[in-house]
Amino acid sequence: MLEDSKGVTLIELILIISLLSILLAIPIIRGNNILNYKERKELREFKNDINYARNRAVVESKLYSVDIRLNSNTYLIYKYSNFPETIKKKEFTSGIKFKSTNIKNNELVFNYSGAPKDSGTIYLESRKGKKISITVTPATGKVNIYFH
């Protein structure tokens with residue numbers, strides 16, 4: 001004579017808890033990936049904007065600059081003709097923060113050949129505190145991003 005058992009075994013309970021924890025962890029993982037994607041997208045845009053300023057300086061035979069504003073976490077692209085003309089203003093909003101630069105006056109100025117007047121490194125930090133450096137090489141103005 002078998003008794004009708006209405007209870008839950010320990011194995012069934014462990015399986016249900018495991019499945020629920022996996023299902024609840026998926027949105028957390030996706031949320032971190034989305035934020036990392038947005039940060040990387042902003043970094044790529046910043047690198048592309050530096051390259052844009054360098055290339056426009058060559059094509060137009062005018063001075064172009066990327067002015068880094070550490071306090072407001074923004075940068076501006078200027079074109080110098082008779083007077084400075086603002087081409088673009090961008091603020092980092094996805095967690096990237098400017099920390100410092102070793103570039104004179106925090107401004108990358110590109111001359112007619114595309115070479116930076118003062119090259120150097122821009123130091124940034126991600127939302128999670130990860131260190132990032134962007135280097136601009138002398139003479140060529142090549143831009144590299146390094147994650148530390």
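Which residue forms a salt bridge with glutamate 60, the closest N and O atoms being 2.7 Å apart? Arginine 56 does. The legends below take up this pair and other sites in a predicted model.

**View 1. Overall layout of the predicted chain.** The protein has one helix and eight strands. Read from the N terminus, the order is α-β-β-β-β-β-β-β-β. The chain holds 148 residues, and buried residues make up 35% of them. Helix α1 covers residues 10–60. Strand β2 covers residues 74–80. Strand β3 spans residues 84–91, and strand β4 spans residues 97–101. Further along come β5 (107–110), β6 (120–125) and β7 (131–136).

**View 2. Glutamate 60 and its salt bridges to arginine 56 and lysine 79.** Glutamate 60 and arginine 56 sit in helix α1. They are four residues apart, about one turn of the helix. Their closest N and O atoms are 2.7 Å apart. Glutamate 60 is partly exposed, at 23% relative accessible area. Arginine 56 is partly exposed too, at 26%. The side chain of glutamate 60 also meets that of lysine 79 in a salt bridge, 3.2 Å from N to O. Lysine 79 belongs to strand β2 and glutamate 60 to helix α1, so this pair ties together parts 19 residues apart in sequence. Lysine 79 counts as buried because its relative accessibility is 17%, and the cut-off for buried is under 20%.

**View 3. Glutamate 45 and lysine 90 in a salt bridge between helix and strand.** Side chains of opposite charge can pair when their charged atoms come close. For glutamate 45 and lysine 90, the closest N and O atoms are 3.5 Å apart. Glutamate 45 lies in helix α1 and lysine 90 in strand β3. The pair therefore ties together parts that are 45 residues apart in sequence. Is lysine 90 buried or exposed? Lysine 90 is buried, with a relative accessible area of 18%. Glutamate 45 is partly exposed, at 26% relative accessibility. A network of salt bridges links Glu45, Asp49, Lys88 and Lys90. The whole structure has nine salt bridges.

**View 4. Phenylalanine 46 and tyrosine 75, a tilted aromatic pair.** The count of aromatic pairs comes to six. In this one, the ring centres of phenylalanine 46 and tyrosine 75 are 4.6 Å apart. The planes stand at 50 degrees. The pair links distant parts of the chain. Phenylalanine 46 is in helix α1, tyrosine 75 is in strand β2, and 29 residues separate them. Phenylalanine 46 is buried, with a relative accessible area of 0%. Tyrosine 75 is buried as well, at 0% relative accessibility.

**View 5. Phenylalanine 46 and phenylalanine 98, an edge-to-face pair.** The ring centres of phenylalanine 46 and phenylalanine 98 are 5.5 Å apart. The angle between their planes is 75 degrees. This pair also links distant parts of the chain. Phenylalanine 46 is in helix α1 and phenylalanine 98 in strand β4, 52 residues apart. Both phenylalanine 46 and phenylalanine 98 are buried. Which residues do ring pairs link into a cluster? They are Phe46, Tyr75, Phe92 and Phe98.

**View 6. A positive surface patch with lysine 130.** The patch is formed by Lys38, Arg40, Lys41, Arg44 and Lys130. Where does lysine 130 lie? Lysine 130 is in the loop between β6 and β7. Lysine 130 is partly exposed, with a relative accessible area of 37%. That value passes the patch cut-off because patch residues need over 30% relative accessible area.

**View 7. Isoleucine 103 in the loop between β4 and β5.** Isoleucine 103 is a loop residue. Is isoleucine 103 buried or exposed? Isoleucine 103 counts as buried, at 4% relative accessibility. Isoleucine 68 is 35 residues from isoleucine 103 along the chain. Their C-alpha atoms are separated by 9.7 Å.

How values were computed: Residues numbered from 1 in each chain as written. Predicted model: local features only at pLDDT ≥ 70, side-chain atom pairs only at ≥ 80, totals over all residues. Heavy atoms only, no water. Patch = residues over 30% accessible without salt bridge, like charges linked within 9 Å, V, L, I, M, F, W, Y side chains within 5 Å. Areas by Shrake-Rupley, 256 points an atom, 1.4 Å probe, with all protein chains shown as cover. Salt bridge = Lys/Arg side-chain N within 4 Å of Asp/Glu carboxyl O. Lys, Arg positive; Asp, Glu negative; His and termini not counted. Charge placed at Lys NZ, Arg CZ, Asp CG, Glu CD. Helix = DSSP H or I, 4+ residues; strand = E, 2+ residues; numbered from the N terminus. Buried < 20%, exposed > 50% of the residue type's maximum accessible area, 1.4 Å probe, protein only. Phe/Tyr/Trp six-rings, centres within 6.5 Å; stacked < 30°, edge-to-face > 60°.
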